Amino acid sequence: MALILLRLVVLTIFLRFIAARQKTGVVSVGSSLTATADVKPWLSSFGEFAYWFHQVQGSDNFLLSIWYDKIPDKTIIWYPKEGQMMPRGSKVELLRESGLVLTDPHGTQVWRSGSISAVASGCMNDTGKFVIFGSNSRKIWDSFDYPADTLLPS
């Protein structure tokens with residue numbers, strides 16, 4: 001009996017550790033990023049990948065993208081199909097009834113993740129993709145379903 005209790009305690013601690021690690025990459029509905037030089041990215045749980053506005057060198061424009069972030073030469077692995085450079089002050093937001101929505105500084109919609117609704121959360125995961133989940137915890141959108149022209153290790 002004591003061995004069973006010990007196993008349950010170890011399993012509970014392990015599951016809590018896993019759940020805590022997974023929460024790091026979770027993005028809540030209503031979260032947003034604004035195109036500024038000091039924007040804090042949405043990071044995957046181990047910090048390998050970042051979803052953010054990266055300032056284009058030598059300009060005041062930004063590219064919304066997912067970057068392979070743990071290497072010195074940051075590498076873009078995904079960006080919206082349109083791949084538009086956005087001015088400072090542009091914003092991407094995770095909305096319950098629209099998914100990811102990219103707007104310019106005047107609030108004009110430039111891009112969105114698709115015709116999706118009932119968004120529960122998003123997740124920047126450790127494979128480099130951003131996933132949107134519905135209220136039933138099922139995947140309803142995935143950045144890798146709309147690939148950029150980039151090869152990744154493994």
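This is a short chat about the aromatic pairs and the sheets of a predicted model.

Me: What should I keep in mind about this model and its numbering?
Reply: Residues are numbered from 1 along each chain as its sequence is written, and side-chain values use heavy atoms, with hydrogens and water left out. The model is predicted, so local features need pLDDT of at least 70 and side-chain atom pairs count only at pLDDT 80 or more, whereas totals for chains, interfaces and linings use all residues.

Me: How many aromatic pairs are there?
Reply: The structure holds 9 aromatic pairs, where rings of Phe, Tyr and Trp (its six-membered ring) pair if their centres lie within 6.5 Å, and planes under 30 degrees apart count as stacked, over 60 as edge-to-face and the rest as tilted.

Me: Why is the pair of Tyr 51 and Trp 78 called stacked?
Reply: The ring centres of Tyr 51 and Trp 78 are 6.1 Å apart and the planes stand at 25°, so the pair is stacked. Tyr 51 belongs to strand S4 (residues 49–55) and Trp 78 to strand S6 (residues 75–78), so this contact ties together parts that are 27 residues apart in sequence; strands (E, at least two residues) are DSSP runs, numbered from the N terminus.

Me: And Tyr 51, buried or exposed?
Reply: Tyr 51 is buried, with a relative accessible area of 0%, and Trp 78 is buried as well, at 1%; buried means under 20% relative accessible area, exposed over 50%, and partly exposed in between (1.4 Å probe, protein chains only).

Me: What does Trp 78 do with Trp 141?
Reply: Trp 78 and Trp 141 form an edge-to-face pair, 6.0 Å centre to centre with 80° between the planes. That pair links strand S6 with strand S13 (residues 139–142), the two residues being 63 apart, and Trp 141 is buried, with a relative accessible area of 4%.

Me: Which residues make up the cluster?
Reply: Ring pairs link Trp 42, Tyr 51, Trp 78, Trp 111, Phe 130, Trp 141 and Tyr 146 into a cluster.

Me: Switching to sheets, where does S13 sit?
Reply: S13 is an edge strand, as is strand S1 (26–28), and each pairs on one side only, in an open antiparallel sheet of 4 strands ordered S1-S11-S12-S13; two strands pair if DSSP finds at least two bridges between them.

Me: How many bridges join S11 to S12?
Reply: Strand S11 (residues 119–124) and strand S12 (residues 130–134) run antiparallel and are joined by 5 bridges, with Cys 123 opposite Val 131 in S12.

Me: What stands opposite Trp 111 in S10?
Reply: Leu 102 does, and 3 bridges join strand S9 (residues 99–103) to S10, which run antiparallel.
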